[in-house]
Amino acid sequence: MKKKILIVLCIILCLIFGKSIFLNKFEDITVSLGYMRFSIDTIESIIQYGDYSVIGAHYPVFEGSDINNDILKLIHKNIDKFNDTFNRIILLDPIYKSELNIDYEVFKPNDDIVSIKFTIFENMNYYAQPKIYIETLNYDLNKDKRIYLNNIFRGDYLDELRSYVSSHSTKLNKESFSNFILDKDNIVFFIDKNEPALKIPYVKLQEYIRPGFKNVETVETFVPKNPEDYDIIARDEMLPNDHGKTSRVISLKRPMVALTFDDGPYTRATIPILDTLKEHNVVGTFFVLGNRVEKHKDIILRIVNEGNEIGNHTFSHIQLTSLPKNKIKEQLDKTQLAVAKVTGTEPKIMRPTYGSYDEKLRASINMPMILWSIDPMDWKVKDGEKIANYILSKVKDGDIILLHDIFVSTADAVDLIVPELLNRGFQLVTVSELYEYKGEVLSVGNIYRHIYSK
Ligand code: ZN
């Protein structure tokens with residue numbers, strides 16, 4: 001009965017959040033619906049956790065295509081630009097770190113063509129408003145060649161395109177129209193960050209379209225996938241009832257610690273970490289990024305099935321202190337929805353990206369905020385033994401340990417610390433279990449770093 005209520009609740013949530021996400025994108029995304037998400041090889045992220053400047057850049061990787069070079073060029077160009085600007089900063093602030101965040105969406109109007117839209121969010125701590133840019137890449141995967149406007153149009157197409165823009169039309173040159181994506185029926189331009197996307201149906205541009213350019217309009221490959229189409233019931237039934245939890249016996253008299261893993265899941269690190277945890281019949285907490293969930297459904301399910309906990313670590317690893325309230329909500333809601341679509345339940349705890357929080361953030365978040373008491377800087381150290389030694393030299397009852405399941409070296413460290421912690425009598429529990437067993441209730445908007453006995 002309880003399960004049924006949960007399922008119904010999830011469906012309702014999906015319906016509500018699904019809609020609000022489409023309506024609240026950064027830009028005027030009139031193009032969100034009616035696209036097919038293209039299945040990509042993998043998602044990579046560059047995440048840098050500096051004291052005063054942070055970077056989170058996500059990008060897709062396509063198997064055996066030159067498109068990857070163009071993607072990397074775009075990412076690194078923006079990282080270099082950000083670092084140049086940051087290096088001129090005089091005021092450094094650990095709560096409002098300067099930030100670069102790059103997230104992307106992939107669209108595929110037909111079998112050959114792929115359009116990638118990058119949303120580049122740049123916020124220097126002295127900016128009044130973050131700057132948001134759109135950059136796009138269009139590619140013919142069949143020919144393994146980039147698609148430029150000249151490959152699509154011929155003749156006086158620029159004049160024709162200008163006629164669709166009401167303002168400053170005389171200033172617009174070819175460069176102004178260089179950021180576009182291809183829809184099944186339209187070409188969509190991102191001309192200016194202050195302008196909504198300009199969507200022009202191909203039919204209206206018919207006389208300018210090159211005969212050699214594949215008419216995307218006639219290709220029928222699109223199958224829309226709405227949140228409500230998602231088969232939550234089937235997935236929920238896949239979960240074993242015990243969640244692996246009942247087979248563990250926890251003694252309230254023995255010390256406990258919580259291992260936490262941020263920014264994943266990644267096949268290379270999350271899988272070996274799960275293997276280690278399972279081998280020793282212990283659990284941990286995974287603060288996942290929403291934009292990685294759909295691609296790694298199997299890992300997400302495994303995390304839950306083996307009794308581990310999933311926490312919310314935002315959708316695209318953006319620093320929440322630099323966002324207005326509605327965008328903070330969007331970052332968290334999208335992640336809640338992504339996880340619920342796979343597991344049937346929403347995370348109950350969250351971890352703010354880069355550990356940055358302020359009063360506004362505390363007031364905007366309807367979940368307990370989990371920080372940490374031990375940080376071995378695994379992202380910097382990248383040596384399993386050193387990471388393990390650091391943790392083992394500090395650990396005590398009630399600690400929350402920060403790790404990142406991005407790096408193989410972190411997985412190596414977990415392999416070393418788990419048996420040694422068990423050896424020393426520690427019990428490895430999830431964050432929620434840690435507070436539950438220690439008899440403290442996690443409350444909304446509060447910050448938690450550890451739970452030491454008084
Ligand atoms: Zn993180």
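Which strand is the place of V288 in? In this predicted model, V288 belongs to strand β11, residues 285-288, and that makes a handy place to start. V288 is buried, with a relative accessible area of 2%, which fits the list of residues around it. Leaving aside residues up to four places away in sequence, V288 touches G264, P265, V293, I300, I310, G311, N312, H313, T314, T335 and V339. One of these, G311, is 23 residues away along the chain, yet its C-alpha atom is separated from that of V288 by 6.3 Å.

Several of those contacts take us straight to the metal. The zinc ion is coordinated by D263 through OD and by H313 and H317 through NE2, at 2.1 Å. Along the chain, the donors follow the spacing D-x49-H-x3-H. D263 and H313 link distant parts of the chain: D263 is in the loop between β10 (256-262) and α6 (267-279), while H313 is in the loop between β12 (309-312) and α9 (325-343), 50 residues apart. Are these two buried or exposed? D263 counts as buried because its relative accessible area is 0%, and H313 is buried too, at 2%.

Both loops have some backbone quirks worth a look. As a rule, most residues other than glycine have a negative phi, and most peptide bonds are trans. The bond from G264 to P265 is cis, with omega near 0 degrees, and P265 is found in the loop between β10 and α6. Over in the loop between β12 and α9 sits T314, whose phi is near 75 degrees, a positive value in a residue other than glycine. T314 is also buried, with a relative accessible area of 0%.

I300, another contact of V288, leads to helix α8. This helix, residues 297-305, is mostly covered, with 7 of its 9 residues buried. Those buried residues are K297, I299, I300, L301, R302, I303 and V304. After α8 comes G307, which has a positive phi near 90 degrees.

For a helix with two clearly distinct sides, go to α12, residues 384-394, where G384, I387, A388, I391 and L392 are buried. They sit on the same side of α12 because they cover an arc of only 125 degrees around the axis. The general background is that an α-helix has 3.6 residues a turn, so residues three or four places apart point the same way. On the other side of α12, E385, K386 and S393 are exposed. What do the buried residues of α12 pack against? Their partners are α11 (378-381), β14 (400-404) and α13 (408-423). The N-terminal end of α12 is capped by D383, which places a side-chain oxygen 3.0 Å from the backbone nitrogen of E385. Ahead of α11, in the loop that connects β13 (369-370) to it, is M377. M377 is not a glycine, but it has a positive phi of about 50 degrees, and it is partly exposed, with a relative accessible area of 31%.

Now for the sheet. Here 6 strands form an open sheet with mixed pairing, in the order β1-β2-β3-β4-β5-β6. β1 (42-49) and β6 (145-146) stand at the edges with a single partner strand each, so one side of each is left without a neighbour in the sheet. Helix α2, residues 67-86, packs on the sheet and touches β1, β2 (53-61), β3, β4, β5 (131-140) and β6; the direction of α2 makes about 170 degrees with that of β2.

Walking across the sheet from β3, we find 9 bridges joining β3 (residues 98-107) to β4 (residues 113-123), and these two strands run antiparallel. One of the pairings puts E99 with N123 in β4. Next, β4 is joined to β5 by 10 bridges, again antiparallel, with E122 bridging to K131 in β5. β5 is largely enclosed by the rest of the structure, because 8 of its 10 residues are buried. Finally, β5 and β6 pair in the antiparallel sense over 2 bridges, and Y139 stands opposite R146 in β6. The hairpin of β5 and β6 has 4 residues between the strands, and in it D144 takes a positive phi near 55 degrees.

Conventions:
Residues numbered from 1 in each chain as written. Predicted model: local features only at pLDDT ≥ 70, side-chain atom pairs only at ≥ 80, totals over all residues. Heavy atoms only, no water. Donors = N, O, S within 2.8 Å, 3.2 Å for Na, K, Ca; no water. Buried < 20%, exposed > 50% of the residue type's maximum accessible area, 1.4 Å probe, protein only. Arc of directions from axis to C-beta. Contact = heavy atoms within 4.5 Å. Polar contact = N/O pair within 3.5 Å; in protein donor to acceptor, adjacent residues only side chain to side chain. Pairing = 2+ DSSP bridges. Axes fitted to C-alpha atoms, helices over the stretch in contact; angles between N-to-C directions.
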